[in-house]
Amino acid sequence: MKKADMVLLNGHILSIDKAGNRIDGQAVAVTDGIITRIGTDDLIREYVGDETQVIDCYGNTVLPGLCDAHCHPSSSASAYSGCDLFGIYIQEEETADEIIDDYMARLKEFVDAHPEDELIRGTGWVMGNFTGDRVPTRHDIDRICSDRPVILESFCQHNLWVNTKAIEIAGVDEKTPDTYTGCIFREEDGYPQGIFNDPEAMALIKERVPGYDFSVEKYKEALLYYQKNYANKYGVTMAMDCMHSDNARAAYRQLAKEGRLTIRARGVYLAEPDKGHEQLDEYIARKGSDNVGDDFRIDTVKMFAEGMFSLVEPYEDGSNAPLYWSDRDFIDTAAAAMKAGFNVHVHAMGDNSVRQSVRCLSSAQKIAGVNSGNTIAHLMLISDEDADEMAGASIIANCQPRWMVYDSDIAGMLPMVGRKRAESAYPLRCFLDRGMTVAFGTDFPVTPPPDTMHEIQCAMTRSVFPDAPDYEAFRGKVLGSEKPADLYEALQALSINGAVQMLADEYTGSIEEGKSAELVLLDSDIENTPVGEIYKIQVNKTIFKGNVVYEKGESYGN
């Protein structure tokens with residue numbers, strides 16, 4: 001008998017396979033980075049040799065490597081090296097001017113501490129803090145910094161708040177035409193007010209201000225920081241970066257070639273609504289050329305169905321958000337991507353954009369001759385009829401459990417969409433009960449930190465937990481009346497189903513013999529932890545391809 005390189009003993013294995021069946025045991029043997037045997041302690045001890053690394057689990061839970069199936073690790077470069085504007089929420093009776101002062105206080109501190117920076121970047125501010133006539137403007141930033149361009153990205157990555165210098169450098173003025181998608185907020189004379197909303201309008205700044213995008217080396221530094229301090233710390237061994245720049249893609253490729261990734265990373269090519277399906281020619285031509293083994297791959301085309309959520313029934317004030325694509329262009333683009341062997345991953349939140357996405361993806365699948373693998377992410381609102389069609393088309397539901405709670409975001413939605421729609425937001429049970437493949441993502445850095453235990457608890461309670469910044473204001477409130485997920489449903493969505501979405505379920509996503517050794521050792525027995533205390537659980541060790549890449553209290557280099 002060949003002795004193992006590593007064995008885990010005295011654990012409680014908890015894994016779910018693709019069919020939804022539980023895999024359990026006490027111990028695991030790993031050889032050459034592969035899980036070779038699962039069983040009792042007595043059985044696995046037979047695989048222990050003189051050179052075997054033996055890990056005592058002390059009766060705690062062993063999970064498979066976890067998947068963040070919709071996130072933005074490369075965007076964390078802004079949070080990592082820019083001004084941190086996260087965590088500021090407007091309080092009761094606080095005015096818009098007061099909340100802007102809070103943001104500007106953070107910005108001033110950062111500007112004063114970085115006199116050498118030619119460009120000031122920041123991320124994390126919340127557009128939802130401003131529901132009246134007063135919105136952030138270029139003049140707010142100008143009083144803090146007017147001699148250097150300042151570009152502040154909202155937490156949701158759908159808005160830029162910039163100063164006058166950035167607008168001038170970008171060459172945008174009152175004569176600049178409105179974009180096909182998105183919005184340039186304007187002053188009375190047509191000059192930009194300082195807010196650029198959604199991808200095409202934001203590109204007027206991003207693509208025209210020199211140095212806005214980080215260098216390849218800066219992205220490498222940020223991605224290494226992300227996988228060490230976020231992904232592996234929370235047991236994540238596979239992540240899908242759902243929108244990234246060319247430099248970020250190059251950074252992933254270089255790290256993969258250098259053997260420095262401790263996650264399997266997946267990227268996307270972005271299809272833009274103003275360019276039609278012809279834009280896919282470039283992506284089809286380069287398909288496979290960006291892949292580096294199974295460490296980094298791009299098998300997916302990303303589409304935005306909307307910016308702000310588009311609703312079947314308008315907002316409470318009678319307005320609505322537009323759909324980005326005509327049905328014809330949506331179907332043609334998605335079908336062309338599928339025919340070329342790509343999966344399609346669609347951002348859709350409002351019930352109108354979700355409806356279009358379900359119907360267009362279903363039609364495109366029939367044209368392309370495929371019947372699975374495509375995904376709709378976020379799914380804030382959906383009708384039963386559209387959920388039925390989505391299930392029938394085997395479209396994957398990518399959901400964010402941290403949004404499935406009654407918190408400041410839901411409270412901010414009340415005046416926009418009304419109580420009934422706000423309290424039915426972010427459903428999960430309708431997907432689970434229809435037997436759909438549900439994969440969880442954090443959308444990090446939209447909702448930091450990307451803690452997998454937070455995801456599990458939120459899915460199981462639909463309520464804020466004590467570590468949440470707005471816990472005291474919303475403690476005890478539950479979002480909606482639907483039955484929450486159980487532990488096993490949540491774990492399946494956080495592990496094997498994420499691997500299914502990312503076309504990796506044959507070799508990762510569950511603890512099964514013959515699969516790559518991605519294992520997560522918790523500091524507790526999660527099955528015997530009260531649901532309201534799951535958020536406290538921490539990862540003791542994360543194992544990737546048979547190597548310990550994170551250990552609580554230890555420093556692991558990259």
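## A tour from D433 inward

Select D433, which counts as exposed at 57% relative accessibility. The model is a predicted one. D433 sits in the loop between α15 and β22, the latter covering residues 438-440. Now add A391 to the selection: 42 residues separate A391 and D433 along the chain, and their C-alpha atoms are 10.0 Å apart.

**Whole chain**

Zoom out and colour by secondary structure. The chain has 19 helices and 25 strands. Its radius of gyration is 23 Å, close to the 24 Å that the globule rule gives for 558 residues, so the chain is as compact as a globular protein of that length. Along the principal axes, the C-alpha trace spans about 80 × 55 × 50 Å.

Switch to a surface view. The accessible surface of the chain is about 21,600 Å², and carbon and sulfur atoms hold 45% of that. Of the 558 residues, 60% are buried. Among contacts with a separation of 6 or more, 73% are between residues 24 or more positions apart.

**Helix α7**

Select residues 216-231, which form helix α7. Which of the residues in this helix are buried? They are V216, Y219, K220, A222, L223, L224, Y226, Q227 and A231. Show what surrounds them: the buried residues of α7 pack against two strands, β9 (66-71) and β16 (236-241), and two helices, α2 (76-81) and α8 (246-257).

Keep Y226 selected and add Y225, Y230 and F444; these four residues form one aromatic cluster.

**Aromatic pairs**

Show the rings across the structure; there are 15 aromatic pairs. Centre on W403 and Y426, whose ring centres are 5.6 Å apart and whose planes meet at 65°, so this pair is edge-to-face, the term for planes over 60 degrees apart. The two residues are 23 positions apart, and the pair links distant parts of the chain. W403 is in the loop between β21 (396-399) and α13 (408-417), while Y426 is in the loop between α14 (419-422) and α15 (429-432).

Are these two residues buried or exposed? W403 counts as buried at 10% relative accessibility, and Y426 is buried too, with a relative accessible area of 9%.

**Charges over rings**

Select R121 together with Y212. The charged end of R121 sits over the Y212 ring, 4.1 Å from the ring centre. Then move to K287 and F342, where K287 lies over the face of F342 at 5.1 Å from the centre of the ring.

**Cysteines**

Finally, select the cysteines and display their sulfur atoms. How many disulfides does a search of the whole structure find? It finds zero. C360 is in no disulfide, and the nearest cysteine sulfur to it is that of C430, 20 Å away. C360 is buried, with a relative accessible area of 2%.

Next, centre on C399. Why is the sulfur of C399 not bonded to the closest cysteine sulfur, in C430? The two sulfur atoms are 7.9 Å apart, which is too far for a bond; the cut-off for a disulfide is 2.5 Å. C399 is buried as well, its relative accessible area being 1%.

Technical notes: Residues are numbered from 1 along each chain as its sequence is written. This is a predicted model: local features need pLDDT of at least 70, side-chain atom pairs count only at pLDDT 80 or more; totals for chains, interfaces and linings use all residues. Side-chain values use heavy atoms; hydrogens and water are left out. Rings of Phe, Tyr and Trp (its six-membered ring) pair if their centres lie within 6.5 Å; planes under 30 degrees apart count as stacked, over 60 as edge-to-face and the rest as tilted. Helices (H or I, at least four residues) and strands (E, at least two) are DSSP runs, numbered from the N terminus. Buried means under 20% relative accessible area, exposed over 50%, partly exposed in between (1.4 Å probe, protein chains only). A charge sits over a ring if NZ of Lys or CZ of Arg is within 6 Å of the ring centre and within 35 degrees of the ring normal. The radius of gyration is taken over C-alpha atoms; the globule rule is 2.2 Å times the number of residues to the power 0.38. Contact means heavy atoms within 4.5 Å. Accessible areas come from the Shrake-Rupley method with a 1.4 Å probe; for residues, only the protein chains shown count as cover.
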